[in-house]
Amino acid sequence: MAKARQYNTKRLYFSSRINEAMKGFFERPLTFVDAPMGYGKTTAVREFLNKSDDLVLWQTVFDTSTDSFWQDFSRLFAAIDEDSSQSLLELGFPHDSVLLKEAVRVVADVTFPDRTFLVIDDYHLLESREIDRLIERVAMYGIPGLHIVLITRCSGRLNVDELALKGYLHPITKETFELTPPEIAEYYKTCGISLSAGETERLYALTEGWISALYLFLLEFVAEGSYSLENNIYKLIGKAVYEPLAAETKEFLLTLSIFDSFTQEQAACMWDKENTDELLAEVTSQNAFVNYDRRSKTYFAHSILTGFLRETLAGQDSGYHQALYRKMAGWLEKNGDYFAAMRYYYNCDDFDHLLLALEEDRSHDFTAVKKEVLKKYMAECPPQIKARHHYAVLKYLLHLFVHNETALFGKTCGDFISHIQADTGLKAELRNRLLGEFELMLGFTAYNDIKKMADHYAKSWTLIGQPTAIYDPKLNWTFGSQSVLYLYYRESGRLAEHARDLIEHMPSYNRLTGGHGSGGEYIMEGERLFNMGNLAGAEIAAYKAMYKAQEANQPNIAFCADYLLIRLAFMQGDGGRVFELLQKMREEMTNKKDYQLIHLVEICEGSVYAALKQKDKIPASLTDADPKSLRLGFPGFGAFNIFYGRALLVGGEYLKLIGSEEYFFGIATVFSNLLGQIYTHIYLAAAQHRLFKEAEALDHLKKALVIALPDKVYMPFVENGDYIKPLLEKFLSEGYCREDLASILELYAAYEKAAQIVQEYCSGEKTKLTEREQEIAQLAAVGITNKGIGARLYISENTVKMALKSVFEKLGINSRALLKQGLDNLTQ
């Protein structure tokens, strides 16, 4: 092997085959770059795109956490559209088809520059079918200007063959990155080394064209004048890259190996010495295994080097690891990611700081996943540490209540009181504050017994005299339920009293919680009147609730008011008003990014289609879902079952409905939710009647009537009269509750006519576009962006987005690419 005079081991080499393959980025919406570790995928893609002036949005996946991925993915879009970026963040990870559909819509509504490349590196780490579905749908949507590049070591989960066959996918595989013998010779020559034919063949036989091994052999030759026959990549990198470094530089790399990529600020925080910049300059200049990307202002260590460093790090003692974890937790706390910081404090057994982070956490994340993590932390936290962190225990109690962890909630309440009593150093003011916050929590233990809850809230106010510090007024007061009456109707014959109690005591609760739930009392009163058939009184109450909710910024209450108005409009046969209100709910959710309410909106829409018996329009994402996967608190599960039971009836799934009896009643009896019990009996009566089991059907219907008639709760029977009318007529003919049943059947006669009118409206509007929708659709069909359409028509970009969403639904399409065909079909 002949030496040239000067070596350049930093020289990057890409064969003509690689460069030609990369040109396919421009031709397809999705490119898959699939090869094992160390084949130069990331470097090749980054260098190729750096040569262009196109916008590049680059995301590196660090681990299997879908939540972390989603936060980083969402923030990418801020470079183009801050509003859409925030929408994706508020939406959260799309773990079901409802959220997935909305995520695709948000991305599709972004106006991308002519060529924008969204690159996701180390995509294989995610192992998430939900993200695969998102990528597939975005690619197939045909978003102008957007090209997605996935860098991965495994393409097994995506529908690669189908995507390629339909022209959406450009695959680049391992074979493209394997250097041939002539390419190996050319690579070494560019670095200053001339190879003989025999040497080239030996290197090819040893490496099979693997660029990382070839690079390490090159470094070894430059340092020693020859290369070994070692084929263990970590031993090669240790010998050629790591061992020659100074001790401080090795320590610096080990410290940063906790990251897959890092900024200068992160490096400075972790290293915590003044020479951070000098060391960064050193490690990036000496070899090609640490690089700086100027676009993202981020340093990237090659995965092979990272793997070697982490293997080395694993050999360090526990004290070394704990020091790193504490620094990492400190960095995350500094940037407001307290929940992630807790994980690192947990890893180093620092429960004091873990609980401090919980106390500082101001996120609105009350998911089941977070609850389970907190349960694990609190179970392992030493009692003496928990005894010092009273506010952390109170916040933990809130998570337990939301998810109906009643036994653990009770035990933790007992622990809290013991801790307060044992803490003799507490000042009186702080003690009262803590006990006042605890009284608020105890109010939850009396949930849906309004008077008992009110007693706790009064005691809480006496102790603290100001709004709570731990309860967030942005929490969903109805737990995702579309009905307040469902939540608080608990004793037959006392519904009017329940409604009066809520009106009387709600102001005290609002004062204590900063307006939380404002207007909910009038929703309950409105629903009570509606169920009696008093439509005018119900409408007045709905508007009272709406104004109170808007004043206190309580969108979930406002949506419940909208749903009550929808039911009133349906009863009056006003189909236009029904669908106008549904559209209003969705627009307000989208505009205000209240995505915690997305399943509430879907349930309201699904309930309308279930009432119309349009089973093909009832979202399968709801009927196939486990309520635990939806954005509902446990108290809202039974309200979901009111929708779900009707959907099963409409779908003709009578046996499944009967088989759900124990589950439905199990949910509805935890808090004595009588409305859920009434509907369940009605649904079971309808199912049994359809199966010609009259005795069982009449038995269930009578049980429903026994609960409902003392309060004149008629509407559950009216809304299901299409299934139970013969049963009601049989009871009436026998003289059973004649006055009430006559009222129900009279209301049903009006309801039946109204439903027919709404049905006709719905059918007539199915493929009829408004003048504005037609105008916007025609401009979009010829490729004009949302921004461009807005400028032409002097309307906002968001108005364009919502109009196109309505057009897509009416035409039954899911992308701009199908707009022209859909518009043509309207004229045929």
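**Entry 1. The parallel sheet**

I started at L57, which stands opposite L118 in strand 4. I note here that the model is predicted. Next I looked up the strands around this pair. Strand 3 and strand 4 (residues 116–121) run parallel and are joined by 6 bridges. They belong to an open sheet of 5 strands. I read its order as 3-4-5-2-6, with parallel pairing. The edges are strand 3 (55–60) and strand 6 (169–172), and each of these pairs on one side only. From one strand to the next, the twist averages 15°.

I then asked which strands helix 2 touches. Helix 2 (residues 41–50) packs on the sheet and touches strand 2 (30–34), strand 3, strand 4 and strand 5 (146–152). I also noted an angle: the direction of helix 2 makes about 155° with that of strand 5.

**Entry 2. The antiparallel sheet**

I moved on to another sheet. This one is open, has 3 strands, and follows the order 8-10-9 with antiparallel pairing. Its edge strands are strand 8 and strand 9, each pairing on one side only. As a reminder to myself, strands of a sheet pair through backbone hydrogen bonds, either parallel or antiparallel.

I took the pairs one at a time. Strand 8 (residues 261–262) meets strand 10 (residues 298–301) in the antiparallel sense, over 2 bridges. On this side, S261 stands opposite F300. F262 has Y299 as its bridge partner.

Strand 9 (residues 290–293) is joined to strand 10 by 4 bridges, and these two run antiparallel. Here I found N291 opposite F300. So F300 of strand 10 faces S261 and also N291; I wrote both down under the definition of pairing by bridges.

What lies between strand 9 and strand 10? The two form a hairpin with 4 residues between them. In the turn, K297 has a positive phi of about 55°.

**Entry 3. Helix 19**

I listed the buried residues of helix 19 (residues 351–360). They are F351, L354, L355, A357, L358 and E359. A general point helps me read such a list: an α-helix has 3.6 residues a turn, so residues three or four places apart point the same way.

Which helices do these buried residues pack against? I found helix 17 (318–334), helix 18 (338–347), helix 20 (368–380), helix 21 (383–386) and helix 22 (390–402).

**Entry 4. N673**

I looked for N673 and found it in the loop between helix 36 (661–670) and helix 37 (674–690). Is this residue buried or exposed? N673 counts as buried because its relative accessibility is 2%, and the cut-off for buried is under 20%.

I checked its contacts, leaving aside neighbours within four places in sequence. N673 is in contact with N448, Y486, L487, Y489, I667 and A668.

**Entry 5. The whole protein**

Last, I stepped back. I recorded 45 helices and 10 strands in the protein. Along its principal axes, the C-alpha trace spans about 110 × 85 × 55 Å. Of the 828 residues, 56% are buried.

I looked at how contacts are spread along the chain. Among contacts with a separation of 6 or more, 70% come from residues 24 or more positions apart.

The accessible surface comes to about 35,100 Å², and carbon and sulfur atoms hold 50% of this. I closed with the charges. There are 90 positive and 111 negative side chains, and the centres of the two sets lie 1 Å apart.

Technical notes. Residues numbered from 1 in each chain as written. Predicted model: local features only at pLDDT ≥ 70, side-chain atom pairs only at ≥ 80, totals over all residues. Heavy atoms only, no water. Buried < 20%, exposed > 50% of the residue type's maximum accessible area, 1.4 Å probe, protein only. Contact = heavy atoms within 4.5 Å. Areas by Shrake-Rupley, 256 points an atom, 1.4 Å probe, with all protein chains shown as cover. Lys, Arg positive; Asp, Glu negative; His and termini not counted. Charge placed at Lys NZ, Arg CZ, Asp CG, Glu CD. Axes fitted to C-alpha atoms, helices over the stretch in contact; angles between N-to-C directions.
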